[in-house]
Every structure is written in structure tokens, then in C-alpha cells.
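Please work through the model shown here with a few questions about its helices, strands and buried residues.

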Amino acid sequence: MDHADIIIVGTGHGGAQAAIALRQNGHEGTIAMVGRERVAPYERPPLSKEYLAREKPFERLYIRPPAFWQDKNVDLRLGHPVVEIDAMRKVITLGDDSQMSYRKLIWATGGDARRLSCPGSDLDGVFTVRNKPDSDRIMAALDAGAQKAVVVGGGYIGLEAAAVLRKLGREVTVLEALPRVLARVAGQELSEFYQAEHRAQGVDVRLETKLESIVGEDGKVTGVLLESGETIPADLVIAGIGIVPSVGPLIAAGASGANGVDVDEVCRTTLEDIHAIGDCAAHANAYAEGAVIRVESVQNANDMATTTAKSIMGDKQPYKAFPWFWSNQYDLKLQTAGLSISYDQTVLRGDPADRKFSVIYLKEGRIIALDCVNNTKDYVQGRKLIEAGISPDPAALADTEILLKSLL
């Protein structure tokens, strides 16, 4: 049986950073990185942005050049999903029935794109956007002549894909079941701005609209049927409806977890010598007032990886990294600082008509998050206010003549 001192399951941002951080923190033993995909670790955010738009070739998405992993003596086991964990024996079983033993295991598998479950969801022409093959299949459909696209879901992935498709000249309809886009992650002001922006760009944004089924002919998509009875013609459907944490083998092995897998302050699961990081790891987050949540971001995956590597090497520092996110749509750069999930007040700073503004989120008077559109200065200064736990006058926050840093 093959053995590695540390096995990392998953080749995304978290897995790659875990291997890098282990070497940076002095680990000299063997490291194996095991993953389902057949390519070296690469960046995921561009898949719904620059890569899908063909503005950035795949070679520029590598987190490190492929030769880097050999130089750092990291054994890449690509194209090998982990299907079972024997936590007592410290053995994993791969999809080809081969097995590997470990001293420490880091689970960094993220999640799988949530798929549509309605009738017709298995037709040719229905896609998700989670990995390179997903984006490649969409690009192939576009090359084959797909002109009319329906995007199901008005979250960031769906809106980013819609923006790219419009830039490529396709007809695009976005279906959102809730009363506004970005409803789960942003306030009313930001939702209204992005709804108006996409409509101005020619996207047909349908709110409070639910899908009944996907219709087709000869196994291919021809449209989507709404609950209202209307059929929207389509030859390409993209589901942007979130992810399902990829933790099956961990839970089957006895790890605790309901929404993902539970981890402690240094990313340890309830199974001995098994850590979990990134999108799949449910943790008590300091910026969510200690609530146990999953954070789906590159920042979270990278910082959890570093926390885990240091913990394995004996430096057990609790995970308290500052959360941040970004989204690019058309010529709009959105930067988010903090977590707005429990806000009770918003302050609009600037005029959305200028395409440069910020939405500031407060709870009991304290700043907990900012959404900054084309406004890097507010983002940089505002995150310091969050970290400091500041409760400034809302009128001062709204005044763009007052620099946020002056409120510290």
C-alpha cells in the first residue's frame, strides 16, 4: 500500500495552499495531493469570468506552474476521487480501488455544483459552472452555435455567467426565484443596482420566477417551461444555484457535520488526525459573531489551509482570518469586506448612478461588512473599520467627503 505522511484530498485553492504552507512551515515528510480532476491545481473564479470569455487562457490559471509541485516534492495523484476513508486504520480508498495510508489527512474537496432536479435537467445543453470541464462544455456549445441562454439563479455565479454571455452577443434570460438577485448575500441597494445593470446590458431578468421543466427535442434543450406556463426558447441552460459540500466519505467515516463537515478552531474534524478546509468546512466564524457557517471563497480556503499547516507543525493558532470576496461583471468590480449575514441597517455611500458607490452594513450600530462597487478606496479603508469594531455616525458614513479612515 502506498503511504504519504500527509495526504491532501482536493486540488483546488485550499489543497494547493495547504501543500505550499506545509513546505513553508518546515514539513519535510512526504505529501500527496489526491484529486478527481486530471490537471494540476488551478484558479476557479475565472471559470465564470475571464476564462469563459476567452480573455485568459487556461495556462494562466495555474496556481503554480505544474513543475512547481515536483520541485516541492508534492506527489500529485490526479484523476483519482477518494471514495472511502477508514479513520481507524488511517487509510483512504480511491476510485480505482487502490488504497493509501497517511499520518495526517487534509480534506479540501470544496463542493459540487448543485444541479437542477426538474424534468429535462438531463438534456444536452444543461450546464453548471464549477470546474474547467464545465466551462469547456459551455464554450463548445457556444462554438456550435448556441445563441439563446437561460441562466437559472441570480447569485454571483449566475450573474457573472450572464455578463460573459452578453459580452459574447448571446440572448440571455436570468431566472431568480426570490424577489431580487443576490438576495442571500447582499442588501436591497446592491440587488437593485445589479438588476438595473443587467437589464441595461440587454439581459431579461425575471424575478420571483420558478422553473417547471426544461423542454427539448432529440435529447437537446429547446427551451424552459416556467411555472406560469410560459416557455422561453433556449439552446443553452446554466444552473447557478449554489453548491453541495463534498463531504460524503468523511461523514460516512463518522465525522460530525450537517451543512458540510464540522471543524474546530484549527480546522480539525471530529475524526482523529483529519482536518477539513475551505468551502466544505463549517466553523465558528469570528466575523459572524461565532455562528457556525461555511464560507465559500478563495480567501477562506487559503487561510484555512495556512491555519491547518501551522497546526500540524505545532503552531496552533485559531482561525480568525478576515473574510473578503470579489465579483467582476461587465466593467464593474465588486469588492466585499466582512460578512453581512446578520445586518439590521444599511448605509448607501455614493450614488449608484455614478457606477461607483458602497453599501455599508451595520448591526446594532457597528459596521460588519461593505460592498464596494468600483470603489477600492472604500474597500481598503472600510475593512479596517470592521476589524476595529467601529460604530460611527451613519450620516458620516454616507458622506463621501469624509474618508472612512478618518472615522477610526
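The questions and answers that follow concern a predicted model.

Q: What is the distance between the end C-alpha atoms of helix α8, and what span should its 13 residues have?
A: Helix α8 covers residues 376–388, and at 1.5 Å a residue its 13 residues should span 18 Å. The end C-alpha atoms of α8 are 19 Å apart, which agrees with the expected 18 Å.

Q: Which elements cover the buried residues of α8, and which residues of α8 are buried?
A: The cover includes the strands β21 (324–329), β22 (332–338), β23 (345–351), β24 (356–363) and β25 (366–373), together with α9 (394–398). Beneath this cover, the buried residues of α8 are Asp 378, Tyr 379, Gln 381, Gly 382, Leu 385 and Ile 386.

Q: Which elements do the buried residues of α5 pack against?
A: Helix α5 runs over residues 188–200, and its buried residues include Leu 190, Phe 193, Tyr 194 and His 198. Phe 193 is also included in a second, separate core of 43 residues. The buried residues of α5 pack against α4 (156–167), β11 (204–207), β21, β22, β24 and β25.

Q: Which residue in the turn between β12 and β13 has a positive phi?
A: Strand β12 (residues 211–217) and strand β13 (residues 220–226) pair in the antiparallel sense over six bridges, and the bridge partner of Ser 213 in β13 is Leu 225. The two strands form a hairpin with two residues between them, and the turn residue with a positive phi, of about 55 degrees, is Asp 218.

Q: Why does Asp 273 count as buried, and which side chain makes a polar contact with its side chain?
A: Asp 273 is found in the loop between β17 (261–262) and β18 (274–276). Because its relative accessibility is 18%, and buried means under 20%, Asp 273 counts as buried. Beyond four places in sequence, Asp 273 touches Lys 90, Tyr 102, Arg 103, Lys 104 and Leu 105. The polar contact, at 2.4 Å, joins the side chain of Asp 273 to the side chain of Lys 90.

Q: Which helix gives the largest share of the largest nonpolar core?
A: The largest nonpolar core has 49 residues, and those with the most contacts inside it are Ile 7, Ile 8, Trp 69, Ile 85, Ile 92, Trp 107 and Leu 250. The largest share of this core, six residues, comes from residues 13–24, which form helix α1.

Q: Which residues does Ile 85 touch, not counting those up to four places away in sequence?
A: Ile 85 is one of the residues with the most contacts inside the largest nonpolar core. With that sequence limit applied, the residues that Ile 85 touches are Val 91, Ile 92, Tyr 102, Leu 105, Trp 107, Pro 249, Leu 250, Ala 253 and Ile 274.

Notes: Residues are numbered from 1 along each chain as its sequence is written. This is a predicted model: local features need pLDDT of at least 70, side-chain atom pairs count only at pLDDT 80 or more; totals for chains, interfaces and linings use all residues. Side-chain values use heavy atoms; hydrogens and water are left out. Helices (H or I, at least four residues) and strands (E, at least two) are DSSP runs, numbered from the N terminus. The expected span of a helix is 1.5 Å times one less than its number of residues. Buried means under 20% relative accessible area, exposed over 50%, partly exposed in between (1.4 Å probe, protein chains only). Contact means heavy atoms within 4.5 Å. Two strands pair if DSSP finds at least two bridges between them. A polar contact is a pair of N or O atoms within 3.5 Å; within protein, one must be able to donate a hydrogen and the other to accept it, and residues adjacent in sequence count only if both atoms are side-chain atoms. A nonpolar core is a set of buried Ala, Val, Leu, Ile, Met, Phe, Trp, Tyr and Cys residues joined through side-chain atoms within 4.5 Å.
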